[in-house]
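The following exercises concern the reading of a protein fold from its coordinates. Each task is followed by a solution in steps.

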Amino acid sequence: MSFRPKYITFDCYGTLTRFRMGEITRDLYADRIPAERMEQFIADFSAYRFDEVLGDWKPYEVVLKNAVRRLCRKWKIQYLDHEAQKYYDAVPTWGPHDDVPAGLAKVAREIPLVILSNASDDQIQKNVAMLGAPFHRVYTAQQAQAYKPRLQAFEYMLDSLGCNPEDVLHVSSSLRYDLMSADDLGIVNKVFVNRGHGPGNAAYRYVEIADIGGLPGVVGL
């Protein structure tokens, strides 16, 4: 595949920015969750976060706190609001994966870059500033009034850009949040950044790369 899109659109957290929910969870709950069960605890938290974004839009702080509350209920431990708040407060402090700045800078010289993120408006700009490349547009679930994987989020991005699904190349490390929905919407050109966040599935017709260093080659740069 060598395709020169009008825009390269990205998921931010996990794909570009190091997603550190698991690290925070290990630190916060080490005194209550046995080490041998911690990975399942983290997986359950991930599942609840996903479930929380499937309905009508609500603030991301509420998404996180609801997910933590449901997690604690399942594991029969006390929910503490100040602990749940730590997740939300940490998000803007996260920097990029090491491979991101150089790879992005190379493609940004030739193709406008766009972010579609499940973050809130008051979080995302601090993360974007650390990515090391200029972005043409940054769209959030708050602006779209819908979280990925809902198609409404992607429709908002395409409508705002004034382009069609076939005009973009969408890049993500998550099939569930991004690439499945992108495929459903007719975004043919997709890149799966395999960061180990979940299994791939070739049925969704994407190019797989190990990190953002592989992206310039996908678009012939």
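The exercises below treat a predicted model and proceed from helix packing to the sheet and then to single residues.

**Exercise 1. Classify the packing of α2 against α3 from the angle between them.**

Step 1. Two packed helices are described by the angle between their axes and the distance between those axes.

Step 2. Helix α2 covers residues 38-52 and helix α3 covers residues 60-75; their angle is about 135 degrees, and their axes are 9 Å apart.

Step 3. Angles over 145 degrees count as roughly antiparallel, and 65 to 115 as roughly perpendicular. The value for α2 and α3 falls in neither range, and the pair is therefore oblique.

Step 4. The handedness completes the description: α2 passes α3 in a right-handed crossing.

Step 5. On the α2 side, the contact is formed by Q40, F41, D44, F45, Y48, R49, D51 and E52. These residues meet V63, L64, N66, A67, V68, R70, L71, K74 and W75 of α3. By type, the contact residues comprise 9 nonpolar, 2 polar and 6 charged.

**Exercise 2. Determine how α1 is oriented relative to α4, and state which residues form the contact.**

Step 1. For helix α1 (residues 21-29) and helix α4 (residues 81-90), the packing angle is about 150 degrees and the axes are 11 Å apart.

Step 2. The cut-off for a roughly antiparallel pair is over 145 degrees; α1 is therefore roughly antiparallel to α4.

Step 3. The two helices cross in the right-handed sense.

Step 4. From α1, the contact draws on M21, I24, T25, L28 and Y29, and from α4 on E83, K86, Y87 and A90. This set consists of 6 nonpolar, 1 polar and 2 charged residues.

**Exercise 3. Establish the strand order of the sheet and identify its edge strands.**

Step 1. The sheet is open and has 6 strands, arranged as β3-β2-β1-β4-β5-β6 with parallel pairing.

Step 2. A strand that pairs on one side only is an edge strand; here these are β3 (137-140) and β6 (207-209).

Step 3. On average, neighbouring strands of the sheet are turned by 20 degrees against each other, with direction ignored.

**Exercise 4. Describe the pairing of β4 with β1 and with β5, and decide whether the residues of β4 are buried or exposed.**

Step 1. Strand β1 (residues 7-10) runs parallel to strand β4 (residues 168-172), and 4 bridges join the two. Within this pairing, T9 is opposite H170 of β4.

Step 2. With strand β5 (residues 190-193), β4 pairs in the parallel sense over 3 bridges. S172 has F192 of β5 as its bridge partner.

Step 3. The cut-off for a buried residue is under 20% relative accessible area. In β4, 5 of its 5 residues are buried, and the strand is mostly covered.

Step 4. The side to which each residue points can then be assigned: V168, H170 and S172 point one way from β4, whereas L169 and V171 point the other way, and all are buried.

**Exercise 5. Characterise the surroundings of P5 and P96.**

Step 1. P5 belongs to the segment before β1. Its relative accessible area is 6%, and P5 is therefore buried.

Step 2. Not counting residues up to four places away in sequence, P5 touches I111, D167, V168, L169 and V219. V168 and L169, both in this list, also belong to the buried residues of β4.

Step 3. P96 is placed in the loop between α4 and α5 (100-108). With residues up to four places away in sequence again left out, P96 touches L16, T17, R18, P101, M130 and L131.

**Exercise 6. Locate the cis peptide bond that precedes P149 and the positive phi values of Q145 and R205.**

Step 1. The peptide bond from K148 to P149 is cis, with omega near 15 degrees. P149 lies in the loop between α7 (141-144) and α8 (151-161).

Step 2. Q145 is also found in the loop between α7 and α8. Although Q145 is not glycine, its phi is positive, near 60 degrees. Its relative accessibility is 41%, so Q145 counts as partly exposed.

Step 3. R205, in the loop between β5 and β6, is likewise a residue other than glycine with a positive phi, near 55 degrees.

Notes
Residues numbered from 1 in each chain as written. Predicted model: local features only at pLDDT ≥ 70, side-chain atom pairs only at ≥ 80, totals over all residues. Heavy atoms only, no water. Axes fitted to C-alpha atoms, helices over the stretch in contact; angles between N-to-C directions. Parallel < 35°, antiparallel > 145°, perpendicular 65-115°, else oblique. Left-handed = near helix turned anticlockwise from the far one by under 90°. Contact = heavy atoms within 4.5 Å. Nonpolar A, V, L, I, M, F, W, Y, C, P; charged D, E, K, R; others polar. Pairing = 2+ DSSP bridges. Buried < 20%, exposed > 50% of the residue type's maximum accessible area, 1.4 Å probe, protein only.
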